[in-house]
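Trainee: I should be grateful for a close look at a single part of this structure. Please explain what surrounds it, and then how the wider chain is arranged.

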Amino acid sequence: TINRRSEGLISFVQQYRSLTAIPQPVLAIIQVDELIQRIATLFRSEIQTTAIVFETLVPENGLEMIADSSLIEQVVLNLLKNAQQAVEKTSDAKIILSAFENEFQKIVITVTDNGCGILPDVLDKIFIPFFTTKPNGSGIGLSLSKQIMLMHGGTIIVSATIEQGSSFVLRFS
């Protein structure tokens, strides 16, 4: 019992440390289409043995943004992994990764799926550290993603409908 509790505490401390030890972003000008392409390549290798349809929608007009590409890749890959889990039991599973410039000339990246959606009473809790609905989840991914976006002066929001899917929107300043 003591051993099991010790392991649980060690796991908690490691998760807490990962949440509080986010490196400061190293900002640089990033080509958005290249960022999305790198992320898409990584994610396609992750889902190659599944029936998930994965699409990317990115304009070819050379969109640029200032961000830490490795931190933003981490955020988007986390959202894609969550989307993958959300569509596991969907017969026509589809995930769309898109990027565009909004009406205020700000870059927006979205991850949309047609999976199980998120319950309304859970929706307002998903960014709280250590909150999870997954049996083996840590509750770190989305809270870490939110912190990274805040460090970039941006936001992350979600909209979801049960049995229709979810859409996560990253807005950069």
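**A close look at one residue**

Mentor: Ile-96 is found in strand S4; helices (H or I, at least four residues) and strands (E, at least two) are DSSP runs, numbered from the N terminus. The model is predicted, so that local features need pLDDT of at least 70 and side-chain atom pairs count only at pLDDT 80 or more, while totals for chains, interfaces and linings use all residues. Residues are numbered from 1 along each chain as its sequence is written, and side-chain values use heavy atoms, with hydrogens and water left out.

With a relative accessible area of 21%, Ile-96 is partly exposed (buried means under 20%, exposed over 50%, partly exposed in between, with a 1.4 Å probe and protein chains only). Setting aside neighbours within four places in sequence, Ile-96 is in contact with Glu-55, Leu-57, Thr-110, Val-111 and Thr-112, where contact means heavy atoms within 4.5 Å. The C-alpha atom of Ile-96 is also 8.3 Å from that of Val-53, although the two residues are 43 apart along the chain.

Glu-55, one of the contacts of Ile-96, leads to a second feature of strand S4. Glu-55 forms a salt bridge with Lys-94, and their closest N and O atoms are 3.1 Å apart (a salt bridge is a side-chain nitrogen of Lys or Arg within 4 Å of a carboxyl oxygen of Asp or Glu). This pair joins distant parts of the chain, since Glu-55 is in strand S2 (residues 53–57) and Lys-94 is in strand S4 (residues 94–101), 39 residues apart. Both partners are partly exposed: Glu-55 has a relative accessibility of 29%, and Lys-94 has a relative accessible area of 31%.

The count of salt bridges comes to two. The other pairs the side chains of Glu-73 and Arg-38, at 2.8 Å from N to O. This pair likewise links distant parts of the chain, with Glu-73 in helix H3 and Arg-38 in helix H2, 35 residues apart. Here the partners fall into separate classes, for Glu-73 is buried at 15% relative accessible area, whereas Arg-38 is partly exposed at 36%.

The helices that carry this pair also pack together. Two packed helices are described by the angle between their axes and the distance between the axes. For H2 (residues 32–47) and H3 (residues 69–86), the angle is about 40° and the axes are 10 Å apart; axes are lines fitted to C-alpha atoms, for helices over the stretch in contact, and angles run from 0 to 180 degrees between N-to-C directions. On the H2 side the meeting residues include Leu-35, Ile-39, Leu-42 and Phe-43, and on the H3 side they include Ile-72, Val-76, Leu-77 and Leu-80. Arg-38 and Glu-73 are also among the residues that meet.

Helix H5 (residues 141–151) offers a further example of burial: Leu-142, Ser-143, Leu-144, Ser-145, Ile-148 and Met-149 are buried there. Gly-153 follows H5 and has a positive phi, near 75°.

Finally, the chain as a whole may be considered. There are five helices and seven strands, and from the N terminus on the elements run α-β-α-β-β-α-β-β-α-α-β-β. Of the 173 residues, 39% are buried. Among contacts between residues at least 6 apart in sequence, 69% join residues at least 24 apart.
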